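These are my notes on the model, set out as numbered points. They cover the metal site and then the salt bridges.

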Amino acid sequence: MDVTLSNPGSTAVADTRALLVLQDEPPVARTAAPLDVAVPPLVRALLASGDFAGRALETAILHPAAGRVRRVLLVGIGPRDSLTSQRVRQVAATLARRATDLGARRVVVELPDARVLNPAIAAQAFAEGAVMGSHRFDRYRAARKTAEPRIEIVPPSRDLAPAVRAAIALGLVVGRAVCLARDLANTPGQDLPPRELAATATRIGRASGARVRVLGVRDMERLGMGAVLGVGRGSVEPPCFIVLERDPTAGGRRRPGGRTAKGAANSAGKRGAVPTVVLIGKGVTFDTGGISLKPREGMGRMKYDMSGAAAVLGVFAALPALELPFRVVGLVPSAENMPSDRAFKPGDVLRAMDGTTIEVTNTDAEGRLLLADALCYAQRYQPEVIVDLATLTGSIRVALGTLAAGLFTTDDPLAAELAAASAATGDRLWRMPLWDDYADSLKSDVADVVNSAGGDGGASIAASFLARFAGDTRWAHIDMASTAWAFTDRPHEPRGPTGFGVRLLLEWLVRRSGR
Ligand code: BES
Ligand code: MN
Ligand code: ZN
């Protein structure tokens, strides 16, 4: 889906004119782009008929008998006082899909009233929504996507054109990053084992100006990452640990003759030189549960158990558009959780990178094991803050349904930062408790800790397991097992992997940069 700023001649050549209609408000009173004289009376008649009132996501089509424009596509945006950027995303998604179904080629649309919603915010949200709503995963389909229209946005005034143009460009980058994350999560385990995830991460990271290093089994053995190694042991596909480091000075282009892969890992040794944010994404490329095998029902969906990793990679794909003044490090511990003769077993004791011993009581609680080593590894950057994203527990969905991810942190200012980014993006977070007491159930008779205790409150118990590895570093954990998959079609989130977290993290990073 392509979205651009309109140029003065756009209205003359467009086959479709889209009108965003506030509920019960006449849409044609004030237009920045000329409207055929035939249109306003038709719109007035439509509204008077009561067949269309501009309720949110309601649509109608008119065909003026005379004039240049072939069709007018009306999309309701609901009442003025409930118009948010999230509504604009939904509206844009609805518009884009409708226009595609109609076979439209060029669509001209005006943003909602600038007095209701800032035009730059609206333009970015519109571009995001149009891209997200029209995305589909077609890697395994014989018939690829049909032609899509180009949507041209008319700025409210000439002086706002540059700001709107920039906002559209950013919205496209962000929307495409979300779709990239969806495609990765949708890719079956067969085609995205850890080594393929690493190859993809390397491509994405390098293209974004990051240094990328993939630690293999030998490297992890040397570092003592017994938790990742334990989880990965049952699969013929070896586990790995992916490191992406992007400095504020990184250009969009790659410098040939730059640092070698080895140098990349060493750069972490330069303590505290550059302020660093670490993003960790759970990268289980398929979760069978291991020896503690999952039931057959819905197991195929567990190809998306690397949605946290996908979100982090989506973020990196978009980073060049943000120009952040700090270093961003992405860590992706990756493994395929399989039962086999060599798989880790209940009762086994694993040793994490910081020496903590973990009695495995359930091999299906594998995500927290990967994250444990990643949190240990993150310490070498002395980061200002760590955020991890993971499809960690089924219990978070029991708590929140599919509408919000769980936010776990004891750091109130950090929670507030993330909540603000959540509100701006519509990637919903809901704060969950992380009291020390949750860790009480994780005591082991033979090791420092068990990986799973069973019992209720599983999402908070899992978070309290992680807290021990985060130490004193500012840290938040996002359990996105609730939001990473949409079970029903939503306007800008078609059924399947949602790409949750990409926009949330990007918005959070931008806000951290003080812009
Ligand atoms: N990947 C799952 C979590 C999950 C479950 C994601 C359902 C999406 C939908 C995770 O590895 C897991 O299996 N968690 C267990 C933990 C339990 C064994 C303590 C769970 O939630 O059942
Ligand atoms: Mn599991
Ligand atoms: Zn899992």
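1. A donor is counted here as an N, O or S atom within 2.8 Å of the metal, and water is not among the atoms, so sites may look incomplete. The model is a predicted one. With that in mind, the protein donors of the zinc ion (ligand 3) are Lys282 through NZ, Asp287 and Asp305 through OD, and Glu366 through OE, at 2.0 to 2.4 Å from the ion.

2. What is the arrangement of the six donor atoms around the zinc ion (ligand 3)? It is octahedral, because the angles subtended by these atoms run from 79 to 176°. The cut-off behind that label asks for opposite donors over 155 degrees apart and all others between 65 and 115. For reference, ideal angles for six octahedral donors are 90 or 180 degrees.

3. Asp287 has a second role in the geometry: it bridges the zinc ion (ligand 3) and the manganese ion (ligand 2). The two ions lie 3.1 Å apart.

4. Along the sequence, the spacing of the zinc donor residues is K-x4-D-x17-D-x60-E. Lys282 sits in the loop between strand 9 (276-281) and strand 10 (283-287), while Glu366 sits in the loop between strand 13 (357-359) and helix 11 (367-378), so this pair ties together parts 84 residues apart in sequence. Lys282 and Glu366 are both buried.

5. Turning to charged pairs, the structure holds 31 salt bridges. One of them joins Arg195 and Glu237, with 2.9 Å between the closest N and O atoms. Arg195 belongs to helix 6 (residues 194-207) and Glu237 to the loop between helix 8 (226-232) and strand 8 (240-246), so the pair ties together parts 42 residues apart in sequence. Arg195 is partly exposed at 48% relative accessible area, whereas Glu237, at 16%, counts as buried.

6. Glu493 and Arg490 also meet through their side chains in a salt bridge, at 2.7 Å from N to O. Glu493 counts as buried because its relative accessibility is 9%, the cut-off being under 20%.

7. A further salt bridge links the side chains of Arg511 and Glu507, at 2.8 Å from N to O. The two residues are four apart in helix 15 (residues 502-512), so about one helical turn separates them. Arg511 is partly exposed, with a relative accessible area of 40%. Glu507 counts as partly exposed too, at 21%.

8. Finally, a network of salt bridges links Glu25, Arg80, Asp113 and Arg115.

How values were computed
Residues numbered from 1 in each chain as written. Chains lettered and ligands numbered in written order. Predicted model: local features only at pLDDT ≥ 70, side-chain atom pairs only at ≥ 80, totals over all residues. Heavy atoms only, no water. Donors = N, O, S within 2.8 Å, 3.2 Å for Na, K, Ca; no water. Tetrahedral: all angles 85-135°; square planar, octahedral: opposite > 155°, others 65-115°. Buried < 20%, exposed > 50% of the residue type's maximum accessible area, 1.4 Å probe, protein only. Salt bridge = Lys/Arg side-chain N within 4 Å of Asp/Glu carboxyl O.
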